[in-house]
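This report describes a two-chain model, beginning with single sites and ending with the interface. The sequence and structure are shown first.

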2 protein chains.
Amino acid sequence: MISNLKIVVLAGGVGGSKLAVGFSKVVIPENLTTIVNIGDDFEYCGLRISPDLDTVCYALSGLANPETGWGQRDESWNCYSALDRLGSPNWFRLGDRDLATHLERTRLINEGKTITEITSIFCNKFGIKSKVVPVTNDLVPTIITTKEYGELSFQEYFVKYQFAPTFIGLNYRGIEKARPADEVFQALKTSDLLVIAPSNPWLSIFPILDIPGVREEIKSKFVICVSPIVGNKALKGPAAKIFMELGIEPNAYEIGKLYKDLARILVIDKQNEFEKEKIQAFGIIPLVTDTIMVDEVRGAELADNIIKQFRLVNKG
Amino acid sequence: MISNLKIVVLAGGVGGSKLAVGFSKVVIPENLTTIVNIGDDFEYCGLRISPDLDTVCYALSGLANPETGWGQRDESWNCYSALDRLGSPNWFRLGDRDLATHLERTRLINEGKTITEITSIFCNKFGIKSKVVPVTNDLVPTIITTKEYGELSFQEYFVKYQFAPTFIGLNYRGIEKARPADEVFQALKTSDLLVIAPSNPWLSIFPILDIPGVREEIKSKFVICVSPIVGNKALKGPAAKIFMELGIEPNAYEIGKLYKDLARILVIDKQNEFEKEKIQAFGIIPLVTDTIMVDEVRGAELADNIIKQFRLVNKG
C-alpha cells in the first residue's frame with residue numbers, strides 16, 4: 001500500500017540510497033525528498049565529483065551497480081585504462097558512463113548553475129520522480145585527521161587509503177558559513193516524518209545536521225533513525241572502525257546516544273535486540289527489525305515498517 | 001635511408017600530423033621536432049582540450065583513428081552516449097579513451113605543469129621518440145568572425161557549425177603578449193630545415209608564425225612549405241572555402257604568395273604543376289610531386305622527397 005506521508009530521508013551513500021529506494025516504493029514519489037551529504041564532494045582532474053549524490057541518484061534511477069554500491073551498472077572502463085597508461089593516479093576509478101555525470105555537472109557549474117539545480121536536472125533526465133536535494137550549494141569538504149597522514153581529504157581517506165589510517169577527528173571545512181539549500185527548508189517544513197538513513201554518522205549525517213539551521217529545523221520534526229551498526233559492525237564503510245578508534249564500542253546504544261536529542265524512534269537490527277532497554281533509557285523507542293537491505297524488496301519492507309511504527313507512535 | 005638532418009615541422013591537425021609521421025620514418029626520431037598550433041585549444045566541461053596536439057601525438061604514436069583524422073582508433077563512446085542522455089550539448093564528440101588525455105592534461109595543468117611539459121610526458125607515455133612542442137605555453141585562442149554569427153570560438157566554427165558560416169576574418173586573442181615555449185627556440189636554432197606542413201595557413205600556421213619572435217627566428221632558416229591546396233581544393237577542412245570567402249582563388253600560387261617572404265621551396269601537387277612559373281616569380285622554387293598522403297608510406301615518400309630537394313638546393 002502506497003502511503004501519502006511526506007517523508008524526508010537524510011542520506012549519505014550506499015545505506016542511505018538503499019533506504020531512499022525503499023521509501024520510493026512505498027510512498028507517492030513526489031512526497032519523498034532525500035537530502036544528501038555533499039561533504040565528500042571533491043575536484044578530480046578539474047571535474048566536480050559528488051559521490052553521495054551520484055550514489056543516491058543512480059540507485060533511485062535503477063542505474064546503480066548493485067555489486068560495488070557506487071558507479072553505474074554495465075559500466076565500461078576504457079577511459080580509466082587510458083588514464084592508467086598516461087600514468088594518472090588511478091586510485092579513483094572513473095567509469096566511462098559515470099564520467100558523463102561529472103563532466104555535465106562541471107559544465108553546468110561553470111555555467112553558473114547550483115548543485116541543487118543540477119541535481120534536479122539529472123533526476124529529471126534519469127526519470128527519478130522523487131526529489132533529491134544536496135544539503136547545501138556551498139562547499140563543505142570533510143577533512144579527516146588521521147594518526148598516520150595528518151589531514152586527509154575525504155576521498156583520500158575513504159578511497160585512496162581505503163579508510164585504513166587511524167581516525168583521530170574530522171572537520172567540515174567552511175560549515176559555519178554554509179547555508180542550507182532553500183529546497184532543504186522547504187522539504188523539512190512540509191514533511192510529516194524525517195528519517196535518518198543507516199549512513200555513517202560522522203561522514204554522512206553530521207555534515208548534513210551541522211549545516212547552520214538544519215538541526216534547529218529538525219528539532220520540531222518526528223525523527224526516526226536507522227542504526228548503521230548491525231551487531232557490532234557496519235555493513236559497509238568505516239563506521240564501526242571509527243567508533244573503536246574513538247575508544248567507543250560500536251553498537252546500537254552508541255548510535256542512540258549520538259542521536260538522543262533528535263530521534264523519537266531508533267530502528268535497530270535483530271542482532272541488537274539486547275540493547276533495547278538501554279536505548280529506551282534515552283527516551284527513544286527502539287524498533288527491532290531486520291535492517292539489512294539485501295535487495296529492493298527488503299528496502300521497501302524496512303521503509304514500510306518505519307511508516308507503520310511512525311503511525312502507531314504518532315497516534316498514541 | 002634514414003637522414004641525420006635536424007628537422008622542424010610546423011603543424012596543425014590532420015595534414016600536419018601526416019607529414020610529421022612521414023618525417024618520423026625518414027629521419028632519426030630524436031632529430032625531428034613538430035611545433036604544433038594551440039590556437040584551437042579550448043575548455044569543455046572544465047577540461048583543457050588541445051585538438052591539434054592530440055592529433056599529432058595520436059598520429060605519431062599510431063593511436064590515431066585513420067578514418068576520422070581525429071581521436072583514437074578502436075574508440076568507444078559510452079561516456080558520450082551518457083552525456084547525450086543527460087542533455088549535454090553533443091557537438092563535440094569525446095571518445096572514452098580520448099577523454100583520458102583531456103582529464104590527465106587538466107589534472108597536470110591544475111598541478112602547475114605547462115602544456116609543453118605535459119606534451120612531453122604524453123609523448124613519453126605514448127612511446128613517441130621525436131619531439132612534439134606546442135608553440136606556446138600561453139593561451140592564444142583563435143576567434144573567427146563570421147557573417148552569420150559574428151565572433152565564434154574556433155571549435156564552434158570548426159566543429160559545432162562544421163565551418164559552414166562565412167569567414168570574414170579572425171584574430172588570435174592575446175597573441176601580442178604570448179611567448180614561444182623555450183623548446184620552440186631551441187628546436188629552431190639547432191634545426192637544418194624547417195618544413196611548413198600542408199595545414200590551413202590562417203587556422204594552423206599563422207597562429208604559430210605570429211607568436212612574437214617566431215617569424216624572426218624562422219627568417220634565417222631554410223624553409224620548405226607544402227601547399228595545403230591540391231588543385232583548387234583543400235583535402236580536409238575549410239582552407240579553400242576561406243580563400244573564396246576572402247575573394248581569392250584557392251590555388252598553389254596564392255599559397256606561395258602567403259609564404260613568399262619565408263619559403264625557399266614550395267611543394268605543390270601535380271595537379272598544380274601549371275602554376276610553376278607564377279610561383280618561381282616569387283623567387284620560390286616549386287617542387288612538383290604527389291602531395292596526397294593516403295597512407296604512411298606516401299607520407300614518408302613525401303618527406304624523403306622534401307629532404308632530397310633540400311640537399312639539392314642547399315648544396316647548389
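Where in chain B is A178(B) found? A178(B) lies in the loop between β8 (167–172) and α7 (182–190) of chain B; helices (H or I, at least four residues) and strands (E, at least two) are DSSP runs, numbered from the N terminus. The model is predicted: local features need pLDDT of at least 70, side-chain atom pairs count only at pLDDT 80 or more, and totals for chains, interfaces and linings use all residues. Residues are numbered from 1 along each chain as its sequence is written, chains are lettered from A and ligands numbered from 1 in the order in which they are written, and side-chain values use heavy atoms, with hydrogens and water left out.

**Individual sites**

Three residues illustrate local accessibility. Buried means under 20% relative accessible area, exposed over 50%, and partly exposed in between (1.4 Å probe, protein chains only).

| Residue | Location | Relative accessible area | Class |
|---|---|---|---|
| A178(B) | loop between β8 and α7 of chain B | 5% | buried |
| T146(A) | strand β6 (residues 142–146) of chain A | 3% | buried |
| G174(A) | loop between β8 and α7 of chain A | 29% | partly exposed |

Not counting residues up to four places away in sequence, A178(B) touches T136(B), D138(B), V140(B), I211(B) and P212(B), where contact means heavy atoms within 4.5 Å. The C-alpha atoms of A178(B) and D210(B), 32 residues apart along the chain, are separated by 9.5 Å. In chain A, the C-alpha atoms of G174(A) and L103(A) are separated by 25 Å, with their positions 71 residues apart along the chain.

The side chain of T146(A) reaches the backbone nitrogen of Y149(A) at 3.0 Å. Leaving aside neighbours within four places in sequence, T146(A) is in contact with L152(A), Y157(A), P165(A), T166(A) and I168(A).

**Helix α8 and the cores**

In chain B, nine of the nine residues of helix α8 (residues 201–209) are buried; among them are W202(B), I205(B) and L209(B). N200(B) caps the N-terminal end of α8(B), with a side-chain oxygen 3.0 Å from the backbone nitrogen of W202(B).

A nonpolar core is a set of buried Ala, Val, Leu, Ile, Met, Phe, Trp, Tyr and Cys residues joined through side-chain atoms within 4.5 Å. The largest has 121 residues, of which I7(B), L10(B), F23(B) and I306(B) touch the most other members. Helix α13 (residues 296–315) of chain B gives the most to this core, with seven residues. Beyond four places in sequence, the residues touched by L10(B) include I205(B), I208(B) and L209(B). A second, separate core of 92 residues includes F23(A), F222(A), A239(A) and I265(A).

**The interface**

Chain A and chain B each give 28 residues to their contact. Between them they bury about 2,600 Å², 67% of it on carbon and sulfur atoms; buried area is the accessible area (1.4 Å probe) that two parts lose on being put together, summed over both. R85(A), L86(A) and L103(A) supply 26% of the area that chain A buries against chain B, more than any other three residues.

The rule finds zero salt bridges across this interface, a salt bridge being a side-chain nitrogen of Lys or Arg within 4 Å of a carboxyl oxygen of Asp or Glu. On the side of chain A that touches chain B, the elements giving two or more residues are α3 (78–85), α4 (96–110) and α5 (115–126). Of these, α4(A) gives the most, with 10 residues.

Methods: A polar contact is a pair of N or O atoms within 3.5 Å; within protein, one must be able to donate a hydrogen and the other to accept it, and residues adjacent in sequence count only if both atoms are side-chain atoms.
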